[in-house]
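I opened my notebook for this one and kept the entries short. Here is what I looked up, in the order I went through it.

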Amino acid sequence: MPPPLRVAVVGAGMAGLGAAWALSRHPERFHVEVFEERARIGGNAATVDMPQRDGTTLPFDMSVTAFIPSVYQNFSALLRHCDITAVPTRFSYAVHYQGGVHAHDFEGSLTRQYRNDLTAFRRMLRTLRAFSALSRRPSRLAAAADPFNYVSMRQALDRWGISTGFRHAILKPMFVNFVLATDIFSMPAAMFARYLDFFDVEKSTPMTTWQGGTREIYRRMTAGFADRLHLARPVTGLHRHARGATLRDADGRRAHFDAVVLACNANQALALLDRPTALERRLLGGVRYSSELHHDAVAHHDDSILPRDATDVLGSRSTFVRHYGPRPDNYEVTYVMHNQQPWARASDRPCLVTYNLERPVRPDTVIAREWFQHVVHDMRHMLLLMPLLPTLQGRGHVWYCGAHTAVNSQEHALISGLSAARQLGADYPFADDPQARTWFNYYGRMVQGRRFRPA
Ligand SMILES: Cc1cc2nc3c(=O)[nH]c(=O)nc-3n(C[C@H](O)[C@H](O)[C@H](O)COP(=O)(O)OP(=O)(O)OC[C@H]3O[C@@H](n4cnc5c(N)ncnc54)[C@H](O)[C@@H]3O)c2cc1C
């Protein structure tokens with residue numbers, strides 16, 4: 001029997017751990033090592049612990065908090081595999097914008113002010129949805145036939161005469177609340193409409209979270225290869241040659257591998273490559289990341305930054321969005337985590353995470369700080385870069401996965417990682433789940449291109 005293929009995975013977010021987990025299920029065929037810059041696994045998904053007065057702690061998530069089971073087929077299968085309980089919850093936001101208020105299931109002053117825009121928006125959505133039905137089936141041809149793939153959301157809003165005030169006071173805060181995405185109006189209108197299959201501007205949304213925080217999912221996924229997770233070990237260089245690739249880390253250590261899975265952001269992947277080709281520079285360097293909203297996320301329990309009004313933010317809302325400053329779209333966003341993750345209601349102090357903290361919170365209430373980056377799904381990314389990224393797969397023994405290769409969600413990051421493992425010869429782990437497999441094959445092809453090996 002030939003010796004196991006030596007595979008390095010760079011990045012321990014959902015994509016990298018998905019790839020490493022699928023490969024590690026075949027120890028006779030693969031020897032996997034994971035290199036991660038941070039001192040923890042999970043990437044964008046961070047779980048923190050709120051200290052309680054009795055000396056215990058209570059876990060809650062800072063960033064990645066929930067999913068929608070009907071579209072997260074592979075992620076749901078992973079939760080079942082890891083024996084993690086899915087917990088129903090409800091997301092509802094309140095926004096304060098230049099003295100006005102809007103909230104789900106609530107008639108606020110902004111809701112009244114923008115009633116005409118709301119009517120026009122509903123009309124626009126009906127049209128978008130009639131076409132987005134084409135994307136609900138796993139057919140690339142049908143999805144490509146939706147004309148709103150080729151129109152940005154900004155153009156669609158202009159076409160339906162929707163005011164900029166409504167966009168900034170109601171629509172963008174709603175997206176900030178659910179997907180924390182910025183630059184949303186440059187997204188294809190078809191993708192925007194798909195999100196709005198689940199989220200509504202006026203009604204709260206049923207969602208699902210996971211018992212105990214994302215940390216537990218990752219801990220169980222990595223149990224079989226915990227000894228090969230190299231944390232706080234950033235990779236700084238990747239030299240490709242005829243027999244594989246050599247990684248360099250920040251301390252100058254080198255290690256040789258037969259194949260490398262780059263599961264970090266596109267800009268980080270490009271920075272590693274020794275002598276990148278012009279195509280690699282164009283494609284990887286072309287993916288945009290936004291940190292406009294996600295620098296300096298602070299987990300704390302200072303509830304003085306939340307309003308005390310009829311919207312009942314502290315008692316019932318998942319998110320509070322507060323506009324500030326002269327720009328129309330600068331927001332301070334507070335996740336009210338004890339409302340998002342039901343077990344955190346047992347906490348004896350509020351579990352809050354504020355992004356873009358603009359006012360001071362009491363320093364003794366701060367328990368953690370993090371920084372996140374979001375891929376921007378603009379028209380260029382969706383129509384040009386994503387279809388071309390598969391041409392890089394497997395070149396020089398390097399495979400790419402992560403949110404930028406598909407869609408920015410745990411489901412698609414997981415699929416991208418599983419698809420990289422599949423290309424290297426691993427089995428698809430959820431073959432007994434027909435729904436999960438169908439969507440794996442659909443998105444796997446999107447990530448890997450024509451040479452994809454379907455499950
Ligand atoms: C604030 C926030 C909230 C979100 N909420 C949700 C949600 O509720 N539900 C949902 O489905 N999705 C959510 N998402 C999206 C989801 O988090 C991402 O789609 C997913 O985590 C992407 O995973 P990834 O593995 O591609 O990237 P990442 O999670 O970013 O992982 C990449 C990893 O690579 C590491 N790395 C980078 N460079 C190097 C290097 N040179 N050497 C070693 N390691 C390196 C990084 O440290 C990081 O750990 C959210 C995202 C953010 C930012």
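**Entry 1, the open sheet.** I started with the sheet in this predicted model. I find 7 strands forming an open sheet, and their order reads 7-6-16-17-18-15-19. The pairing is mixed. For the edges I noted strand 7 (100-103) and strand 19 (366-370), each of which pairs on one side only. From one strand to the next, the twist averages 15°.

I then followed strand 7 inward. Its partner strand 6 covers residues 93-97, and the two pair in the antiparallel sense over 4 bridges. Which residue stands opposite Gly-100 in strand 7? I looked it up, and the answer is Tyr-97.

**Entry 2, a hairpin.** Next I turned to strand 10 (residues 235-241) and strand 11 (residues 244-249). They run antiparallel and are joined by 6 bridges. The connection between strand 10 and strand 11 is a hairpin, made through 2 residues. I wrote down one bridge pair here: Leu-238 has Leu-247 in strand 11 as its partner.

**Entry 3, two packed helices.** I wanted the numbers for this pair, since two packed helices are described by the angle between their axes and the distance between the axes. Helix 2 (residues 73-81) packs against helix 16 (residues 434-448) at an angle of about 130°, and their axes are 8 Å apart. How do I class that angle? Angles over 145 degrees would count as roughly antiparallel and 65 to 115 as roughly perpendicular, so helix 2 and helix 16 are oblique to each other. I also noted the handedness: the crossing of helix 2 and helix 16 is left-handed.

Then I listed who meets whom. Helix 2 brings Gln-73, Asn-74 and Ala-77, and helix 16 brings Gln-435, Ala-436, Trp-439 and Phe-440. By class, this contact has 4 nonpolar and 3 polar residues, with no charged ones.

**Entry 4, around the ligand.** I kept this entry for last. How many residues surround the ligand? I get 35, and the closest are Gly-11, Gly-13, Gly-43, Cys-264 and Gly-402. The elements giving two or more residues to this shell are helix 1 (14-24), helix 10 (266-272) and helix 15 (410-423). Helix 1 supplies the largest share, 3 residues. Sorting the shell around the ligand by class, I have 18 nonpolar, 14 polar and 3 charged residues.

How values were computed:
Residues numbered from 1 in each chain as written. Predicted model: local features only at pLDDT ≥ 70, side-chain atom pairs only at ≥ 80, totals over all residues. Pairing = 2+ DSSP bridges. Axes fitted to C-alpha atoms, helices over the stretch in contact; angles between N-to-C directions. Parallel < 35°, antiparallel > 145°, perpendicular 65-115°, else oblique. Left-handed = near helix turned anticlockwise from the far one by under 90°. Contact = placed C-beta atoms within 7 Å. Nonpolar A, V, L, I, M, F, W, Y, C, P; charged D, E, K, R; others polar. Near = placed C-beta within 6 Å.
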